[in-house]
Amino acid sequence: MKHFPDPPPVTERLSRALRDLSAVERWAAHTGNGGPSDGGVPTDGGGPSDGGAPDGPVADGAWEGPRFGVATESCDGMHEVVGITWSAPPGAGPCGEPAEADRVVLHSSVRALLDMAEHESGPAHTVVVLTARGPRVLSCRLGGTTVTATGAGRD
């Protein structure tokens, strides 16, 4: 009988998925504006790596924009968004619902991350910043495990 290896721990899967998604986000931000896809050089100083995605740290201004918390519930690998909250900066007034186009981007980004993390069931909470260059996933919490874009994680 063939024995399949145990799946990697949640922290490892989520960290890998967040790194992979961040690379895709950085690559997408550079397409069409002199980035790797049209032969240019990335503007954040990173160089192309596998697949043409820039590597290196995210530029300082990359996290500016409205920040949203996206709550999901997954069952059999299907991820349903059950709530979106806006994280207002200190002193800012309340914000209404995100525009429909922003909701679509939030749903897509979060579902992609959860798929990449091989999350099959249970709740998750993901923080996404809608920057001028596109969405950036800042952190994700699955159960008792939180992983941030900087790589910090805890169980």
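Glu118 is partly exposed, with a relative accessible area of 42%. That makes Glu118 a handy place to start a walk through this predicted model. Glu118 comes just after helix α2, and its backbone takes a positive phi of about 60° there. Which residue does the side chain of Glu118 meet in a salt bridge? The partner is Arg16, at 3.4 Å from N to O. The two belong to distant parts of the chain: Glu118 sits in the loop between α2 and β3, while Arg16 belongs to helix α1, 102 residues away. Arg16 is partly exposed too, with a relative accessible area of 26%. Searching the whole structure turns up one salt bridge.

Now step back to the overall plan. The protein contains two helices and six strands. Reading from the N terminus, they follow the order α-β-β-α-β-β-β-β. Of its 155 residues, 35% are buried. Looking at contacts with a separation of 6 or more, 53% join residues 24 or more positions apart. The accessible surface comes to about 8800 Å², and carbon and sulfur atoms own 57% of that area.

Next, follow helix α2 itself. With 17 residues at 1.5 Å a residue, α2 should span 24 Å, and its end C-alpha atoms are indeed 24 Å apart, so the two values agree. Which residues of α2 are buried? They are Leu106, His107, Ser109, Val110, Leu113 and Leu114. A general point helps in reading such a list: an α-helix has 3.6 residues a turn, so residues three or four places apart point the same way.

Arg111 also has its place in helix α2, but with 33% relative accessibility it counts as partly exposed. Apart from neighbours within four places in sequence, Arg111 is in contact with His79, Glu80 and Val81. Its C-alpha atom is 8.8 Å from that of Thr72, a residue 39 places away along the chain.

From the helix we can move into the interior. In soluble globular proteins, nonpolar side chains tend to be buried together. Here the largest nonpolar core has 20 residues, and Leu106 and Leu113 have the most contacts inside it. Which elements give two or more residues to this core? They are helices α1 (10-30) and α2 (100-116), along with strands β1 (67-75), β2 (78-87), β3 (122-131) and β4 (134-142). Leu113 gives a good view of who meets whom: setting aside neighbours within four places in sequence, Leu113 is in contact with Ala17, Leu18, Leu21, Thr126, Val137 and Cys140.

One of those partners, Cys140, is buried, with a relative accessible area of 1%. Cys75, by contrast, is exposed at 51%. How many disulfides does a search of the whole structure find? The count is zero.

Our last stop is Ser139, in strand β4. Is Ser139 buried or exposed? Ser139 counts as buried because its relative accessible area is 14%, and the cut-off for buried is under 20%. Leaving out neighbours within four places in sequence, Ser139 is in contact with His125, Thr126, Val127, Val147 and Thr148. Thr126 may look familiar, since Thr126 is also among the contacts of Leu113.

Conventions: Residues numbered from 1 in each chain as written. Predicted model: local features only at pLDDT ≥ 70, side-chain atom pairs only at ≥ 80, totals over all residues. Heavy atoms only, no water. Core = buried A, V, L, I, M, F, W, Y, C linked by side-chain atoms within 4.5 Å. Buried < 20%, exposed > 50% of the residue type's maximum accessible area, 1.4 Å probe, protein only. Helix = DSSP H or I, 4+ residues; strand = E, 2+ residues; numbered from the N terminus. Contact = heavy atoms within 4.5 Å. Salt bridge = Lys/Arg side-chain N within 4 Å of Asp/Glu carboxyl O. Disulfide = S-S within 2.5 Å. Expected span 1.5 Å × (residues − 1). Areas by Shrake-Rupley, 256 points an atom, 1.4 Å probe, with all protein chains shown as cover.
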